[in-house]
Amino acid sequence: MTKPIGGAGLRGQSAGETALCTVGKTGAGLTYRGYDIAVLAAKAEFEEVAYLLLYGKLPNVTELAAYKTKLKGMRALPEALKTVLEQIPADAHPMDVMRTGCSMLGNLETEQDFAEQHDHIDRMLAIFPGLINYWYNYSHHGKRVDVVTDADSIAEQFLWTLHDAKPDPLHVQVMHASLILYAEHEFNASTFTARVCASTLSDIHSCVTGAIGSLRGPLHGGANEAAMDMIERWQTADEAEAEIMGMLARKDKIMGFGHAIYRESDPRNAIIKAWSQKLAEQVGDTRLYAVSERVEAVMWREKKLFCNADFFHASAYHFMNIPTKLFTPIFVCSRVSGWTAHVMEQRANNRIIRPSADYTGPESAEWVAIEDRP
Ligand SMILES: CC(=O)SCCNC(=O)CCNC(=O)[C@H](O)C(C)(C)COP(=O)(O)OP(=O)(O)OC[C@H]1O[C@@H](n2cnc3c(N)ncnc32)[C@H](O)[C@@H]1OP(=O)(O)O
Ligand SMILES: O=C([O-])CC(=O)C(=O)O
């Protein structure tokens, strides 16, 4: 079934060109610069994919090693940023922490010229995992974690700075796949936000700060947390089925299902689902994976709605002992690569993004002096 063109949410309308990504072009596929997501997720490290998006080609051995060394050297948090993070309370939303952290970084290390863009982008990629986990550990456990670790990759750095220990290699492998799956997705809401901001010739931190705000919402990146909150309420697959049937009858939105572009499946789902199953076996889970699978089956049977990238990410992250509130910040640590690739693409061929609106207000209104108004 093809989706109708036009209508609410600019659905089906082209809002520009990109050489970065195709979404659902053959009905279900996803490619980054022509490479199939399934191949990238199976064979690449996240840094290779970030390099592909940001520098235009897959790196060779020397280029990848140099890129990882560069990123490794950019992990330290400025003291002023630590001070700001330490002021943010434990009950703050971690996406608000990401937004503030990114904005503060822009105050401390302001992009003065677009010629510096690559260095600022690489700095954000390198610093974001430590940034959120420094705040998390300080606000929740009173602990100042060292974010300058020996972690070999962004995937490992996230888990290492979260748990303040070298992570399980299987978990690092899953994180690479997860970061690759989340890296880029054409003109989704947060990327479009970044491009609109870039089109005014604003600085890179403003583009990313705005994008973080868009990703925060439960209809976009926030769905992975919302999915987790939902599935962890259920003890058995049968209970999950009964509850989902009730939610559908009440016309509730089921988080982690449906998509604005894909019609029959999200190609990222099968990949993260397989990892979730493997992790379930590792931790001896007999509940969450079974619950998730049943919800998937019921949603397809009842509504022909399929899991998007977020649904099985919930259980996968949970099995790796990642607190639910940090799920969407991981999305940021990944998608910053796609956002900034789009910012550079926008800057390279810019015209300010300024669509028109169909006016629906009154034709003309008569001025009434304030003392005469009802
Ligand atoms: C990484 C990501 O950002 S992926 C998206 C993450 N977001 C979520 O998982 C939130 C839940 N999903 C949704 O809200 C939607 O599916 C969106 C926002 C992703 C896409 O929205 P739209 O493009 O407007 O959806 P679409 O046009 O396909 O909806 C068709 C119908 O299915 C319904 N529907 C879509 N998704 C869901 C859902 N998750 N649960 C229940 N019903 C749904 C819609 O309400 C709509 O019904 P209607 O015609 O009676 O109004
Ligand atoms: O494309 C979208 O609308 C949402 C999405 O899946 C993403 O940003 O990864």
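**View 1. R11 meets ligand 1, with a polar side-chain atom of R11 lying 3.0 Å from an oxygen atom of ligand 1.** We're looking at a predicted model, where local features need pLDDT of at least 70, side-chain atom pairs count only at pLDDT 80 or more, and totals for chains, interfaces and linings use all residues. Residues are numbered from 1 along each chain as its sequence is written, chains are lettered from A and ligands numbered from 1 in the order written, and side-chain values use heavy atoms, leaving out hydrogens and water.

**View 2. Backbone atoms of I254 and G256 pair with ligand 1.** The I254 backbone puts a polar atom 2.7 Å from a nitrogen atom of the ligand, and a polar backbone atom of G256 sits 2.8 Å from one of its oxygen atoms. These are polar contacts (N or O pairs within 3.5 Å; within protein, one atom must be able to donate a hydrogen and the other to accept it, and residues adjacent in sequence count only if both atoms are side-chain atoms). On its own, ligand 1 has 920 Å² of accessible area (Shrake-Rupley, 1.4 Å probe), and the protein covers 66% of that.

**View 3. The shell around ligand 1 holds 20 residues.** L219, H220, I254, G256 and F257 come nearest; to be in the shell, a residue needs a heavy atom within 4 Å of the ligand. By class, we get 9 nonpolar, 5 polar and 6 charged residues, with Asp, Glu, Lys and Arg as charged, Ala, Val, Leu, Ile, Met, Phe, Trp, Tyr, Cys and Pro as nonpolar, and the others, Gly among them, as polar.

**View 4. Ligand 2 sits among H185, N188, H220, H259, R268 and R335.** That shell has no nonpolar residues, just 4 polar and 2 charged. Polar side-chain atoms of H185 and H259 each lie 2.7 Å from an oxygen atom of the ligand, and a side-chain N or O of R268 is 2.7 Å from a ligand oxygen too. Ligand 2 alone exposes 260 Å², of which the protein buries 82%.

**View 5. Helix α10 takes in residues 204-215.** Its 12 residues should span 16 Å at 1.5 Å a residue, so the 17 Å between its end C-alpha atoms agrees. Helices here are DSSP runs (H or I, at least four residues), numbered from the N terminus. At the start of α10, a side-chain oxygen of D203 reaches to within 3.1 Å of the H205 backbone nitrogen. Buried residues (under 20% relative accessible area, 1.4 Å probe, protein chains only) of α10 include H205, C207, V208 and L215. Covering them are, among others, α5 (94-108), α6 (117-141), α9 (189-199) and α16 (327-348).

Conventions
Helix = DSSP H or I, 4+ residues; strand = E, 2+ residues; numbered from the N terminus. Expected span 1.5 Å × (residues − 1). Buried < 20%, exposed > 50% of the residue type's maximum accessible area, 1.4 Å probe, protein only. Contact = heavy atoms within 4.5 Å.
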